Amino acid sequence: MEKIEKIYEGKAKTLYTTSDPDLIVQHFKDEATAFDGKKKGTIEQKGVLNNKISTRIFKYLESKGVKTHFVEMLNDREMLVKKLRIIPVEVVVRNIVAGSLSKRLAIEEGAVLKEPVLELFYKSDPLGDPMINRCHAMVFGFATAEELDQMEATALKVNKILSAFFDERGIILVDYKLEFGVHKGEVLLGDEITPDGCRLWDKQTHEKMDKDRFRRDLGKVEEAYQEVLKKVMS
């Protein structure tokens with residue numbers, strides 16, 4: 001499937017139309033950003049690693065009954081996906097206190113939550129993706145009640161599947177974000193699932209294996225992404 005026209009370029013990916021109006025090409029970039037774009041850099045081969053990691057995870061989720069936009073991996077940096085009408089609401093699933101939740105509630109990072117916490121954020125780069133609730137999403141037309149129900153149910157299902165998947169491979173799934181869209185009237189999981197959007201800690205050492213290494217200048221960012229790929233492919 002050949003790329004025809006660039007229709008979107010974001011911080012981590014570029015999207016292109018194809019000869020099929022229902023399918024687009026998702027190209028993974030090496031650029032990295034943090035803190036709403038205030039910190040920028042490059043993670044060597046990040047696009048290749050994230051494409052392979054996301055392909056593996058999407059295929060695994062599909063095998064467990066989770067419907068996604070993934071169709072096939074085209075090459076090292078690109079996958080073919082179904083074209084979605086993006087729902088501008090991100091669902092963040094938290095299993096362990098970390099990042100903004102730790103700062104917001106002044107709870108020490110690493111505290112294990114009694115049950116998963118779901119948070120909703122309005123997808124808006126100019127506004128810094130502010131946190132919202134279901135009422136905001138419905139009143140302002142970001143998503144319908146039915147769409148939110150499906151998104152939240154899918155997020156909890158994905159959490160059970162991926163928590164076990166990573167645990168078996170020596171990784172703790174701390175938290176992560178999911179994005180959704182509508183394809184032919186059906187809500188599908190979209191975007192990507194990679195160390196860019198997931199907090200992943202080594203099960204034994206709690207060493208960070210995700211973009212926090214870039215955010216916090218911890219070094220060995222590429223090595224961490226490579227280790228995640230190695231483990232998820234096992």
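**An open sheet, a pocket and a buried aspartate**

In this predicted model, a hairpin of 2 residues links strand S6 to strand S7. The two strands of the hairpin run antiparallel and are held in register by 4 bridges. One of the pairs is easy to find on the structure: Phe70 has Val81 in S7 as its bridge partner.

The hairpin belongs to a wider arrangement. An open sheet is built from 5 strands, which follow one another in the order S1-S2-S3-S7-S6 with antiparallel pairing. Strand S1 (6-9) and strand S6 (70-75) lie at the edges and have a single partner strand each, so one side of each has no neighbour in the sheet. From one strand to the next, the twist averages 25 degrees. As a general reminder, strands of a sheet pair through backbone hydrogen bonds, in either a parallel or an antiparallel fashion.

At the S1 edge, the partner is strand S2 (residues 13-17), and the antiparallel pairing of S1 and S2 spans 3 bridges. Here Tyr8 is found opposite Leu15 of S2. Helix H1 (residues 46-63) packs on the sheet, where it touches strand S3 (23-28), S6 and strand S7 (78-82). The direction of H1 makes an angle of about 150 degrees with that of S6.

Attention now turns to the empty space in the model. In general, such space is revealed by rolling a probe the size of a water molecule over the atoms. The second largest pocket holds about 160 Å³. Its lining includes Gly65, Val66 and Lys67, together with Gln150, Thr154, Lys157 and Phe180. Glu186, Val187, Leu188 and Leu189 are also part of the lining. Helix H4 (145-167) and strand S14 (186-189) are the elements that each supply two or more residues to this pocket. Of these, S14 makes the biggest contribution to the lining, with 4 residues. By chemical character, the lining residues of the second largest pocket comprise 5 nonpolar, 3 polar and 3 charged.

A final point of interest is a single acidic residue. Asp212 is part of helix H5 (residues 212-215). Is Asp212 buried or exposed? Its relative accessibility is 1%, and the cut-off for a buried residue is under 20%, so Asp212 counts as buried. Leaving aside residues up to four places away in sequence, Asp212 touches Arg199 and Leu218.

Definitions and conventions:
Residues numbered from 1 in each chain as written. Predicted model: local features only at pLDDT ≥ 70, side-chain atom pairs only at ≥ 80, totals over all residues. Heavy atoms only, no water. Pairing = 2+ DSSP bridges. Axes fitted to C-alpha atoms, helices over the stretch in contact; angles between N-to-C directions. Contact = heavy atoms within 4.5 Å. 1 Å grid on protein atoms, 1.4 Å probe; cavity = no way out; pocket = protein on both sides within 12 Å on 5 of 7 lines; lining within 4 Å. Points joined across faces, edges and corners; volume = space filled by probe spheres on them. Nonpolar A, V, L, I, M, F, W, Y, C, P; charged D, E, K, R; others polar. Buried < 20%, exposed > 50% of the residue type's maximum accessible area, 1.4 Å probe, protein only.
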